[in-house]
Amino acid sequence: MKKLFFAVCLLAFVGCDKGDEPNRLQPEMLTESFEAKIDGEYAYGFENDVVKCEYFYNDEYQYWGGFVQSKVFDTDAANGKYENQYAVYNTHAASGDSFLLYYYDNYSEPCDMVFSKTVMLETVKLNLSTYTYASITDEDINTFARKFDEGDFLKVVFTLMDDFERPVGEGVECYVVDYRDGKRFIADNWQEFRLGIMAYGRVRVTIETSDVGDYGANTPLYICMDDLKYVDMNGLMEE
């Protein structure tokens with residue numbers, strides 16, 4: 001007789017503490033928090049037995065991209081500047097005391113979420129960084145970006161990649177700012193988005209804005225992520 005067992009994991013930001021009973025007929029929501037370890041504010045990358053969140057860092061130019069762990073919170077838009085790039089526009093993380101900050105740079109090699117086992121990505125909570133929030137709600141103090149108006153948007157796209165790092169499907173679009181068709185939605189708090197992605201390798205995260213100039217995006221392409229919820233599809237058992 002075959003029975004289907006599965007484990008549902010709620011990551012803060014990512015990870016699954018399997019405990020003594022990793023496969024449950026009535027699964028328990030599990031959380032794992034992470035600690036930022038550099039200067040008490042942020043640390044580069046994150047990795048556990050389920051997923052590796054990639055990053056790169058250029059020591060010569062002190063330039064980075066990809067994922068960092070942060071616990072910097074700031075809801076003062078006046079602090080929305082590059083020097084405050086690790087802050088989320090909130091007073092807390094979605095759960096725990098830290099979150100994952102992603103910076104997307106389409107001029108550099110992409111940084112992905114790399115899964116070591118097959119999981120079904122269900123939902124994720126997204127929030128704007130303070131720097132990005134200030135740029136789209138008022139003139140950027142660095143004069144690169146403009147204030148958003150009718151028709152503007154900022155979206156995060158999650159795309160499954162194959163073994164040759166080619167996209168599988170069109171990806172899942174999460175509009176964190178949507179001023180199209182008379183809407184005035186802005187993720188100035190933790191907002192949950194449905195993913196529904198069967199991930200068995202790389203998932204690429206990209207960010208797109210309607211404010212684009214001659215040299216690419218003007219909007220600072222940062223997004224804050226927490227509470228990624230997934231089902232461990234390797235938790236199938238036969239009895």
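A residue counts as buried under 20% relative accessible area, as exposed over 50%, and as partly exposed in between (1.4 Å probe, protein chains only). By that rule Tyr 89 is buried, because its relative accessible area is 14%.

This is a predicted model, in which local features need pLDDT of at least 70 and side-chain atom pairs count only at pLDDT 80 or more, while totals for chains, interfaces and linings use all residues. Residues are numbered from 1 along each chain as its sequence is written, and side-chain values use heavy atoms, with hydrogens and water left out.

**Tyr 89 and its surroundings**

Tyr 89 sits in the loop between β8 (87-88) and β9 (99-103). Strands here are DSSP runs of E with at least two residues, and helices are runs of H or I with at least four; both are numbered from the N terminus. Contact means heavy atoms within 4.5 Å. Neighbours within four places in sequence aside, Tyr 89 is in contact with Asp 74, Thr 75, Asp 76, Ala 77, Asn 127, Leu 128, Ser 129, Thr 130, Tyr 133 and Asp 188. Thr 132 is 43 residues from Tyr 89 in sequence, but 8.7 Å from it in space, C-alpha to C-alpha.

**The cores**

A nonpolar core is a set of buried Ala, Val, Leu, Ile, Met, Phe, Trp, Tyr and Cys residues joined through side-chain atoms within 4.5 Å. The largest one has 41 residues. Phe 115, Leu 121, Leu 126, Phe 158, Val 176 and Met 225 have the most contacts inside it. A second, separate core has 16 residues, including Val 68, Tyr 103, Tyr 222 and Cys 224.

Val 176 also has its own list of contacts. Residues up to four places away in sequence are not counted. Among those it touches are Leu 126, Leu 154, Phe 185, Phe 193 and Ile 223.

**Three loop residues**

| Residue | Loop | Relative accessible area |
|---|---|---|
| Glu 165 | between β12 (153-161) and β13 (167-178) | 39%, partly exposed |
| Asp 181 | between β13 and β14 (185-186) | 70%, exposed |
| Tyr 200 | between β15 (191-199) and β16 (202-209) | 45%, partly exposed |

Glu 165 is not a glycine, yet its phi is positive, about 60°. Asp 181 is likewise a residue other than glycine with a positive phi, near 55°.

Tyr 200 belongs to a nonpolar surface patch with Val 168 and Met 198. Together they have about 250 Å² of accessible area.

Note on methods: Patch = residues over 30% accessible without salt bridge, like charges linked within 9 Å, V, L, I, M, F, W, Y side chains within 5 Å. Areas by Shrake-Rupley, 256 points an atom, 1.4 Å probe, with all protein chains shown as cover. Salt bridge = Lys/Arg side-chain N within 4 Å of Asp/Glu carboxyl O.
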